[in-house]
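Open the model in your viewer and keep the selection box handy. We will go from stop to stop, and at each one you will hear what to select and what is there.

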Amino acid sequence: MKLNHFLNLLGLVILLLSFLAASVIYQFVYLPAIESQIRSQQEKELLAVQRGIKFSQKSLETLCYDYAVWDEMVEFVDSGEQAFIDSNLSVNSFEAADIDGAYLFDTQGELLWQYYANPKLSSHLLQRNDAAWVGDVLPDDNIINGKKPSTRNGIINLNGTVVYFSNAVVLPTRGSGEIVGSLLMIRAIDTSLLEQIRQLSLVNFNIESLDPGQSYSGLTNFDSSPDIGELASKHEWLINDIFGVPTLKITVVHDERLSPSIFTPESILLFITLIIATACSVIPVSVMILRPIRSASLVLDKMAERGVLYKMRTTWHIDEIVRLSSSFNLMVDKLERHQNYLESLSYKDPLTGIANRRSLEVFAQRAFTQWKEGKGVIGFLMIDIDLFKEYNDSLGHQAGDKAILSIAQTLLLECRRRGELVTRYGGEEFCVVIQGDNFAQMELLSKRMLEKVRELNIYHPKSSFGDRITVSIGGVFYEHFHPSFTEASWESMVALADEQLYKAKLSGRNQLKLEYRRAKPLQLVE
């Protein structure tokens with residue numbers, strides 16, 4: 001055999017072996033890693049859509065709860081005054097909040113007041129007399145007799161219009177008392193709502209209504225955990241209404257869709273690299289190609305397992321891999337910003353921008369735990385704007401919102417020390433958590449907040465204190481933890497502070513009532 005023939009044959013064998021090796025690596029290393037990445041990306045897209053839908057539902061639930069658990073709403077159910085509707089239930093307010101319907105019922109399910117943006121959502125089309133609605137949509141007798149806040153939320157089909165709904169019982173702002181009715185709010189699942197969810201989730205998806213009389217086997221419930229079985233350009237899921245009836249079909253169109261073909265510029269580059277590696281060594285291949293892929297796969301695996309975003313290393317020898325890593329990191333930054341934005345909305349009061357009741361629960365629990373560990377003293381203040389209903393009746397709801405905003409910012413400026421948090425508790429009421437060193441420091445802060453609100457000099461035509469807005473403050477302070485405080489909880493502390501607020505109101509308002517809880521000395525048992 002001539003040398004040139006041998007070299008040609010050797011080159012052909014090396015080429016075939018390289019192709020075989022490339023095929024094996026592609027099939028068992030590269031392709032599984034890429035499919036794993038695509039599957040992970042598709043599952044993240046589904047999760048983003050789920051969170052976007054839940055977030056849009058949560059805003060409706062919060063608004064409905066705020067309107068229902070409200071002293072003025074209780075009074076309106078009893079009186080039916082038109083002035084309350086003009087000041088607090090205006091069409092502009094509901095249009096600004098993207099509410100398509102609002103309906104106020106008494107405890108017997110009879111309609112007292114309604115608003116609807118579409119004639120198809122008129123109250124006479126609601127199936128409120130249907131027994132199936134009681135308990136799932138409207139409160140039943142057990143809920144009404146419980147005298148506690150209660151909500152029902154979900155999706156329902158109203159005469160061919162699929163809507164989110166939220167129903168909350170109407171009772172006083174303090175969160176307990178006689179239930180006088182319930183408030184139902186709805187928002188149509190239309191193109192504008194879907195576009196908002198697309199912007200929040202950064203995922204392309206479509207929703208279509210289903211015929212409730214047909215069966216839809218083979219579709220997974222959309223509320224289940226994301227699980228992409230087979231890679232595809234799109235996946236479909238089923239959404240049931242509150243009664244378990246198939247109502248919507250959601251189709252998520254993925255950006256990363258199908259596994260790449262072996263005949264791509266990347267695979268050809270890999271094939272050439274394997275030929276060179278056969279003649280030289282496999283070390284450069286391992287350092288320059290396999291190592292970045294392995295690193296990317298590890299990052300994606302950590303993200304899938306822990307549910308946390310991680311960035312990739314960008315110091316590689318190949319420019320394409322550096323650009324790919326940089327692009328991935330930019331995407332991670334973008335997703336983190338959107339995630340942080342969504343989380344921040346759930347912890348802030350939309351009107352004042354200060355912490356809301358969800359923030360109160362988190363902060364109060366942490367402060368209470370630290371107090372039980374022996375770290376300082378703890379206290380809670382309940383602050384209520386005096387004669388706020390009369391203020392709204394005189395100057396209007398918008399003026400009331402501005403007053404609440406001014407007072408919230410004033411209280412926030414006073415609570416700047418570590419361990420202090422001011423939150424909007426509901427309506428015109430605020431709750432302040434104080435974790436300090438001694439009672440004197442906490443009492444001084446309470447008096448200062450009372451005085452600072454007076455110094456705002458906000459005009460109040462019905463006030464008895466110089467025609468200006470004032471507040472009443474009730475508080476409870478606990479000294480360093482002692483075994484005699486074992487039965488206490490932060491919720492009971494808030495309730496005690498609310499009792500002191502009630503006493504301040506009864507004593508004439510515009511004042512501070514504080515209760516000091518000190519440890520009881522332990523006694524020897526003979």
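Start by selecting Lys375, which is partly exposed with a relative accessible area of 48%. Here buried means under 20% relative accessible area, exposed over 50%, and partly exposed in between, using a 1.4 Å probe and protein chains only. Add Glu373 to the selection: at 53% relative accessibility, Glu373 counts as exposed. The side chains of Lys375 and Glu373 meet in a salt bridge, at 3.6 Å from N to O. A salt bridge is a side-chain nitrogen of Lys or Arg within 4 Å of a carboxyl oxygen of Asp or Glu. In the whole structure, a search finds 18 salt bridges.

A word on what you are looking at: this is a predicted model, where local features need pLDDT of at least 70 and side-chain atom pairs count only at pLDDT 80 or more, while totals for chains, interfaces and linings use all residues. Residues are numbered from 1 along each chain as its sequence is written, and side-chain values use heavy atoms, with hydrogens and water left out.

**The whole chain**

Now zoom out. The chain holds 14 helices and 14 strands; helices (H or I, at least four residues) and strands (E, at least two) are DSSP runs, numbered from the N terminus. Of its 526 residues, 43% count as buried. Take contact to mean heavy atoms within 4.5 Å. Among contacts between residues at least 6 apart in sequence, 65% join residues at least 24 apart.

**Helix α11 and its surroundings**

Select residues 388-395, helix α11, and color Phe388, Tyr391 and Asn392, the buried residues of this helix. They cover an arc of only 95° around the axis, which puts them on the same side of α11; the arc is that of the directions from the helix axis to the C-beta atoms. What do the buried residues of α11 pack against? Show α3 (82-88), β10 (377-385) and α12 (397-414) to see these packing partners.

For one example, select Ser87, found in helix α3. Leaving aside neighbours within four places in sequence, Ser87 is in contact with Asn392 and His397. Ser87 and Asn392 are 305 residues apart along the chain, yet their C-alpha atoms are separated by 7.5 Å.

Back in α11, pick Asp393 and Lys389, whose side chains meet in a salt bridge of 2.9 Å, N to O. Both lie in α11, four residues apart, about one turn of the helix. Asp393 is partly exposed at 43% relative accessible area, and Lys389 is partly exposed at 24%. Just past the helix, click on Gly396, which follows α11 and has a positive phi, near 100°.

**Helix α13**

Next, select residues 439-455. In this helix, α13, Glu443 and Lys447 lie four residues apart, about one turn of the helix. Their side chains meet in a salt bridge of 3.1 Å, N to O. Glu443 is partly exposed, with a relative accessible area of 25%, and Lys447 is partly exposed at 46%.

**Helix α6**

Move to residues 191-201, helix α6, where Leu193, Leu194, Ile197, Arg198 and Ser201 are buried. Look down the axis of α6: these residues fall within an arc of 140°, so they line one face of the helix. Turn to the other side of α6 to find Thr191 and Gln199, which are exposed. Just after α6, Leu202 takes a positive phi of about 60°.

**Two strand stops**

Show β6, β9, β8 and β7, which in that order make an open sheet of four strands with mixed pairing. Its edge strands are β6 (204-209) and β7 (220-221), each pairing on one side only; two strands pair if DSSP finds at least two bridges between them. Strands β8 (residues 234-240) and β9 (residues 246-253) run antiparallel and are joined by seven bridges. Within β9, Leu248 stands opposite Ile239.

Finally, select β11 (residues 420-426): seven of its seven residues are buried. Six bridges join β11 to the antiparallel strand β12 (residues 429-436), where Phe430 is the bridge partner of Arg424. Where is the positive phi in the hairpin of β11 and β12? Select Gly427, which has a positive phi near 60° in this hairpin, with two residues between the strands.
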